[in-house]
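Subject: Handover of a structure with one ligand site and two sheets

Dear colleague,

Please find below the structure that I am handing over to you. My findings follow directly after it.

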Amino acid sequence: MTAPLLDLRSVSRHFGGLRAVDDVSFTVSDGEIISIIGPNGAGKTTLFNLLTGQLAPTSGSILYLGKDIGSLKPHHRARLGFGRTFQISQTMMSMTVLENAMVGAFLHISAVREAAEKAESKLELVGLAEHAGRRSGELTLGGRRRLEVARALAMEPRLVLLDEVMAGLNQTEVNDVLTLVEKLNAAGTTFLVIEHNLKVVRAFSKRVLVLNRGQLLAQGSADQVLSDATVIEAYIGKQQL
Ligand SMILES: Nc1ncnc2c1ncn2[C@@H]1O[C@H](COP(=O)(O)OP(=O)(O)OP(=O)(O)O)[C@@H](O)[C@H]1O
Ligand SMILES: [Mg+2]
């Protein structure tokens, strides 16, 4: 049997006495789109930081294609196929849109012209090609989020982690990102998506994980999870369905 793309085994991350991620285990198969939901402070971003190597786990192990990657630095994991966007946009405002996207491309490419071509193709995908020469700080919030996605895609990731990439976007922009994710997924990219908008969660994820106080409270189909009494009590009661 081939190993799953990702296999988390009893992963925890403590900050002093706070268990930000507490004994979390789940697997991710190649080609899935998985949503991660949960209240503010549930540990969602911390979980992403553990996956991409910004943080080391306090205990537990993270296997990628069967190999323990828990001690690898972020750039090493990026080379293995991890791409991500950040909840607080990391795009550098004074750089042009193209230069920002090229930062991703330089992960695998050293020639400037080739990196620019790769970056341009990803800007095209997210609908930013015509803004390539502008300073990133001039983009709208939606534009900056799409730029984050383009930069992650320029790394040619096998697995993409999106941290609230739809937050603050209008409905058209949300639909554009959804269409893009579905298109990339159809071409083989796996997605883990932290998302508060439950309509979006229902629309595109076959599997949903619910985090609460660092623990995995539930997992299953969107319908299963969103009708689960413990999930409703912990989270959905506070949300608009
Ligand atoms: N570097 C850190 N040092 C100390 N505590 C931290 C650190 N990072 C996160 N925390 C704490 O860990 C808990 C989980 O935070 P995290 O950012 O993972 O939550 P989240 O689910 O992403 O929340 P949100 O929906 O608000 O983005 C919170 O209580 C947070 O204050
Ligand atoms: Mg977060």
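Which residue in strand 5 is the bridge partner of Tyr64? The partner is Lys67. Please note that the model is a predicted one.

The four-stranded sheet

The pair just named belongs to the contact between strand 4, residues 59-64, and strand 5, which run antiparallel and are joined by two bridges. Both strands are part of an open sheet of four strands, in which the order is 2-1-4-5 and the pairing is antiparallel. Strand 2 and strand 5 (67-68) form the edges of this sheet, each pairing on one side only. Helix 1 lies across strand 1 (6-15), strand 2 and strand 4, and the helix runs at about 120 degrees to strand 1.

The surroundings of ligand 1

Helix 1 also takes part in the ligand site. Ligand 1 is surrounded by 14 residues, of which Gly41, Lys44, Thr45, Thr46 and Gln87 are the closest. At least two residues of this shell come from each of strand 2 (18-28) and helix 1 (44-52). Helix 1 makes the greatest contribution to the shell, namely three residues. By character, the shell consists of seven polar, five nonpolar and two charged residues.

Three polar contacts to oxygen atoms of ligand 1 may be of use to you in setting up calculations:

- Lys44 places a polar side-chain atom 2.8 Å from an oxygen atom of ligand 1.
- Asn40 has a side-chain N or O atom at 3.0 Å from an oxygen atom of ligand 1.
- Ala42 contributes through its backbone, where an N or O atom lies 3.1 Å from an oxygen atom of ligand 1.

On its own, ligand 1 has 640 Å² of accessible area, and the protein covers 61% of it.

The six-stranded sheet

A further open sheet has six strands in the order 6-7-8-3-9-10, and its pairing is mixed. The edge strands here are strand 6 (82-84) and strand 10 (215-220), each of which pairs on one side only. From one strand to the next, the twist averages 20 degrees.

Both senses of pairing can be illustrated from this sheet. Strand 7, residues 159-163, runs parallel to strand 8, residues 190-194, and five bridges join the two. Within this pair, Leu162 stands opposite Val193 of strand 8. Helix 6, residues 171-186, packs on the sheet and touches strand 3 (33-37), strand 7 and strand 8. The direction of helix 6 makes about 150 degrees with that of strand 8.

Strand 9, residues 207-212, pairs with strand 10 in the antiparallel sense, over five bridges. In this case Leu211 stands opposite Leu216 of strand 10. Strand 9 and strand 10 form a hairpin that has two residues between the strands. One point to inspect in the turn is Arg213, which has a positive phi of about 50 degrees.

As general background to both sheets, the strands of a sheet pair through backbone hydrogen bonds, in either a parallel or an antiparallel manner.

Yours faithfully,
A colleague

Methods: Residues are numbered from 1 along each chain as its sequence is written. Chains are lettered from A and ligands numbered from 1 in the order in which they are written. This is a predicted model: local features need pLDDT of at least 70, side-chain atom pairs count only at pLDDT 80 or more; totals for chains, interfaces and linings use all residues. Side-chain values use heavy atoms; hydrogens and water are left out. A residue is near a molecule or strand if one of its heavy atoms lies within 4 Å of it. A polar contact is a pair of N or O atoms within 3.5 Å; within protein, one must be able to donate a hydrogen and the other to accept it, and residues adjacent in sequence count only if both atoms are side-chain atoms. Accessible areas come from the Shrake-Rupley method with a 1.4 Å probe; for residues, only the protein chains shown count as cover. Ala, Val, Leu, Ile, Met, Phe, Trp, Tyr, Cys and Pro count as nonpolar, Asp, Glu, Lys and Arg as charged, and the others, Gly among them, as polar. Two strands pair if DSSP finds at least two bridges between them. Contact means heavy atoms within 4.5 Å. Axes are lines fitted to C-alpha atoms, for helices over the stretch in contact, and angles run from 0 to 180 degrees between N-to-C directions.
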